[in-house]
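Q: I'm new to this one and would like a close look at a single strand. Pick one, tell me what sits around it, and then show me where its surroundings lead.

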Amino acid sequence: MDRAARIGQLGDVAEVMLGYVENKTTFQGEGTLKVPSASYCDEDVYKKEIDLVFKKLPLMLAFTAEMPNPGDYKAMEAVGMPVLITRDKDGTVRAFLNVCSHRGAPVAEEGYGNCPRFTCKYHAWTFGRDGKLIGISERQTFGDVDKSERGLRQLACEERAGMIFVCLDPEGSFDLDAYFRGYLGDFEDLGFKDWHYVGNRTIHGANWKIAFDGYLEGYHFQSLHPETIFPRTPSNTMHYEGFGPSMRIGFPQHEIKDLLKDVSREKWGTRENYGYDFVRILFPNVSIFVAPEITQVAQLFPGPTPDKNRTVLNYLCREAPKTPEEEEKLQGMATFFRDVTYEEDYVIGMEIQKGLESGAHEELIFGKNERGNQYFHEWLNWYLAEDPSAPEPQM
């Protein structure tokens, strides 16, 4: 599908959302869905999610905007795995396990940098940006080593539409086109690869699915966000589209009718943030909200135990700030978004965690109006079942 066709499709979605607001209705599934409370608390479920989902599927771990230049790198932890992402002098992006092949120490400190090579601080073995072992300290006393066999362990990695995807399984691979089924065109249309990286904030909360469930519906807007989200966006009014296991969620604004009335119908698909908003979900753990001045991208990672998650909130904007005042304003907006996400969503998530662990109810129930949550859990269960012959969930 080309850009014009995608804009036309978004225009159709805008028309549907306008109907929701006028008729006070929303997208609905066929019925309710029950999910065991134990799935948010159980150690075995937690381990299966890490092994069969987080270590097997392509995870969006970095942005082009974070490391745009030759020699740039990002070192991070993802579900306990030390990852090093590098950009070579020809622009190629690669990913490795950040583990020296001598004695297992990291070859780069967590964070960002730019360098031609990586030197392990333990014994000073040196590796190139391509992961090859290029130097062994005091080699004459160490003994024979075939350097070609002692490079960093490479991970499947691909840069697309301004995002860098990595598989954490050293034996793994992926096909992004088959996985996202055209969805990456959305980000190409946004020009994501040319955006400016503002920075990030890290917050911690309950089980990763409790936190992620909150990104998937607007049923709670009036009760939980009466002063921040609800004044702009009506509660319980959502539209869902599936792209494989990923989703695009549309939220019409209260004033969608007025904001679209003076715009020709063929341009309705260009009115994001001016009549409606989208939350873009990249399965299994990324939520992207594009706002007019700043964009928040949440990466949710299971914590060290089932009852915890670590969420990295990344912030990007279309153009780099031109003055210190503009930079200060962006940082202030990033902090405001962080505070709203933590104080209004993650705090109640930790209360939910205690409630589920109490054994008060054996299961949770997602309504027909919470189709995005249903779809997410259906796909998660599909991957955990390890049965490729089973039919895929459909929106």
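A: Here is a walk that starts at one strand and works outward. First, some ground rules: this is a predicted model, where local features need pLDDT of at least 70 and side-chain atom pairs count only at pLDDT 80 or more, while totals for chains, interfaces and linings use all residues. Residues are numbered from 1 along each chain as its sequence is written, and side-chain values use heavy atoms, with hydrogens and water left out.

Let's settle on strand β16, residues 276–282. Helices and strands here are DSSP runs (H or I, at least four residues, for a helix; E, at least two, for a strand), numbered from the N terminus. Seven of the seven residues in β16 are buried, so the strand is largely enclosed by the rest of the structure. "Buried" means under 20% relative accessible area, "exposed" means over 50%, and "partly exposed" is in between (1.4 Å probe, protein chains only).

In a regular strand the side chains alternate between the two faces of the sheet. In β16, Y276, F278, R280 and L282 point one way, D277, V279 and I281 point the other way, and all are buried.

What does the strand pair with? Strands of a sheet pair through backbone hydrogen bonds, either parallel or antiparallel. Two strands count as paired if DSSP finds at least two bridges between them. Strand β15 (residues 246–252) is joined to β16 by six bridges, and the two run antiparallel; F251 stands opposite D277 there. β17 pairs with β16 too, in the antiparallel sense over four bridges, and V286 of β17 faces L282 across that pairing. β16 and β17 make a hairpin, with three residues between them.

Now for one of those inward residues. R280 meets E272 in a salt bridge, at 2.9 Å from N to O. (A salt bridge is a side-chain nitrogen of Lys or Arg within 4 Å of a carboxyl oxygen of Asp or Glu.) Both partners, E272 and R280, are buried. They also belong to something wider: D186, E241, R248, E272 and R280 are linked in a network of salt bridges. Across the whole structure, a search finds 28 salt bridges.

For contrast, follow the chain on past β17 to a salt bridge whose partners are not buried. K329 pairs with E293, with their closest N and O atoms 3.1 Å apart. K329 sits in helix α9 (residues 324–357) and E293 in the loop between β17 (286–290) and β18 (295–302), so this pair links distant parts of the chain, 36 residues apart. K329 is partly exposed at 48% relative accessible area, and E293 is partly exposed as well, at 45%.

Back to the hairpin, because its loop leads to the rings. A pair of aromatic rings is described by the distance of the centres and the angle of the planes. Here, rings of Phe, Tyr and Trp (its six-membered ring) pair if their centres lie within 6.5 Å; planes under 30 degrees apart count as stacked, over 60 as edge-to-face and the rest as tilted. The whole-structure search turns up 28 aromatic pairs. One of them is F283 with Y383, which is stacked: 5.6 Å centre to centre, with 25° between the planes. F283 lies in the loop between β16 and β17, whereas Y383 belongs to helix α10 (residues 371–385), 100 residues apart in the chain. F283 and Y383 are both buried.

Helix α10 brings a ring pair of its own. W379 and W382 are edge-to-face, at 5.3 Å centre to centre and 65° between the planes. Both lie in α10, three residues apart, which is about one turn of the helix. W379 is buried, with a relative accessible area of 1%, and W382 counts as buried at 17%.

These rings join up into a cluster. Ring pairs link F54, W208, F212, Y215, F283, Y375, F376, W379, W382 and Y383.

So, to retrace the route: β16 is enclosed along its length, with seven of seven residues buried. Its R280 takes part in a network of salt bridges, and the loop that follows, between β16 and β17, holds F283, a member of the ring cluster.
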